[in-house]
Amino acid sequence: MTGQIARVIVADDQAVVREGIVMLLGLLPGIEVIGSARDGEEAVALVAELAPDVVLMDLRMPRCDGVEATRRIRSEHPGTQVVVLTTYADDDSLFPALRAGARGYLTKDADGDEIVRAIQDVLAGRAGLSPVVQRRLLEQVTGAPEPTGPKLPDGLTAREGEVLTLIAEGLTNTDIARRLHISTATVKTHINNLFAKTGIHDRAQAVRYAYREGLAQPPGTTVT
């Protein structure tokens, strides 16, 4: 999109986040923010009114979520591309959004350069995907096996079990993100989910839970 100014709408239900994204985009080259929406319904209405090039779309929003808004925008206004910008990079968020017609998918720890690149990519007919999302899609396409193992307690998923084990090993959120090749925001989401499922409230309780359930071994324990 050399020399072209991308006209962008931002959709996010959290006012502070929405205003922060608008402010950031205002500082980036080649982008003009022409509107912002508090939910999917507003996003669809603004697209009909303003015909933007791209919508930066959150997923978890009231009234009409980002997936449904994306589906409607791509169906009713095919000249507008959608780049998802969300906290979540799990399969239950990623694949419905892509099936709905999103051409880009970023997590909210993306920096300005990544956002510009994703917008440029979708306007050029390419996919604007973060490295984490690209890896996940590649795993799906190549049929990489999902982690398997014994049934985990309290309905924990395999990934939540991995995160819990790494917490017990003393890793920080940043360390866990690097180890699992996911964003720190996704790590926080997994931690919030596993805390809710197990009824634990802090990392110290998480470590004790992991030891009790056999998901990790206390230091000095000999495995026989």
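This tour proceeds from the whole chain to its domains and then to single residues.

**The whole chain**

Begin with the entire chain in view, bearing in mind that the model is predicted. Shown as a cartoon, the chain displays ten helices and six strands. Its C-alpha trace spans about 65 × 35 × 30 Å along the principal axes. Of the 224 residues in the chain, 45% are buried. Among contacts with a separation of 6 or more, 60% join residues 24 or more positions apart.

Next, switch to a surface display. The accessible surface of the chain amounts to about 11500 Å², and carbon and sulfur atoms account for 51% of that surface. Colouring by charge then brings out 24 positive and 30 negative charges, whose mean positions are 3 Å apart.

**The two domains**

Select residues 6-141, which the domain assignment gives as domain 1, and colour them apart from residues 158-213, given as domain 2. The C-alpha centres of domain 1 and domain 2 are separated by 28 Å. Where the two domains meet, seven residues of domain 1 are in contact with seven residues of domain 2. The size of an interface is often expressed as the accessible area lost when the parts come together. Between domain 1 and domain 2 the buried area is about 550 Å², with 59% of it from carbon and sulfur atoms. To see the main contributors on the domain 1 side, select Thr87, Asp109 and Val132: together they supply 53% of the area that domain 1 buries against domain 2, more than any other three residues.

**Helix α4 and the residue that follows**

Move to helix α4, residues 91-99. Which residues of this helix are buried? They are Ser93, Leu94, Phe95 and Ala97. After α4 comes Gly101, which has a positive phi near 120°.

**Two loops with a positive phi**

Two residues other than glycine deserve a stop for their backbone angles. The first stop is Ala51, in the loop between α2 (40-50) and β3 (54-57). The phi of Ala51 is positive, near 50°.

The second stop is Asp154, in the loop that runs between α6 (131-142) and α7 (158-168). Its phi is likewise positive, at about 55°, although Asp154 is not a glycine. Is Asp154 buried, partly exposed or exposed? Asp154 counts as partly exposed because its relative accessible area is 43%, which falls between the limits of 20% and 50%.

**Glu160 in helix α7**

Continue into helix α7 and select Glu160. Glu160 counts as buried because its relative accessible area is 3%, under the limit of 20%. What surrounds Glu160, leaving aside its neighbours within four places in sequence? Display Gly155, His190, Asn193, Leu194 and Lys197, with which Glu160 is in contact.

**Pro131 in helix α6**

The tour ends at Pro131, which has its place in helix α6. With a relative accessible area of 47%, Pro131 is partly exposed. Finally, add His181 to the selection and draw a distance between the two C-alpha atoms: Pro131 and His181 are 9.1 Å apart in space, while 50 residues separate them in sequence.

How values were computed
Residues are numbered from 1 along each chain as its sequence is written. This is a predicted model: local features need pLDDT of at least 70, side-chain atom pairs count only at pLDDT 80 or more; totals for chains, interfaces and linings use all residues. Side-chain values use heavy atoms; hydrogens and water are left out. Helices (H or I, at least four residues) and strands (E, at least two) are DSSP runs, numbered from the N terminus. Buried means under 20% relative accessible area, exposed over 50%, partly exposed in between (1.4 Å probe, protein chains only). Contact means heavy atoms within 4.5 Å. Accessible areas come from the Shrake-Rupley method with a 1.4 Å probe; for residues, only the protein chains shown count as cover. Lys and Arg count as positive and Asp and Glu as negative; His and the chain ends are not counted. The place of a charge is taken as NZ of Lys, CZ of Arg, CG of Asp or CD of Glu. Domain bounds come from an automatic or database domain assignment. Buried area is the accessible area (1.4 Å probe) that two parts lose on being put together, summed over both.
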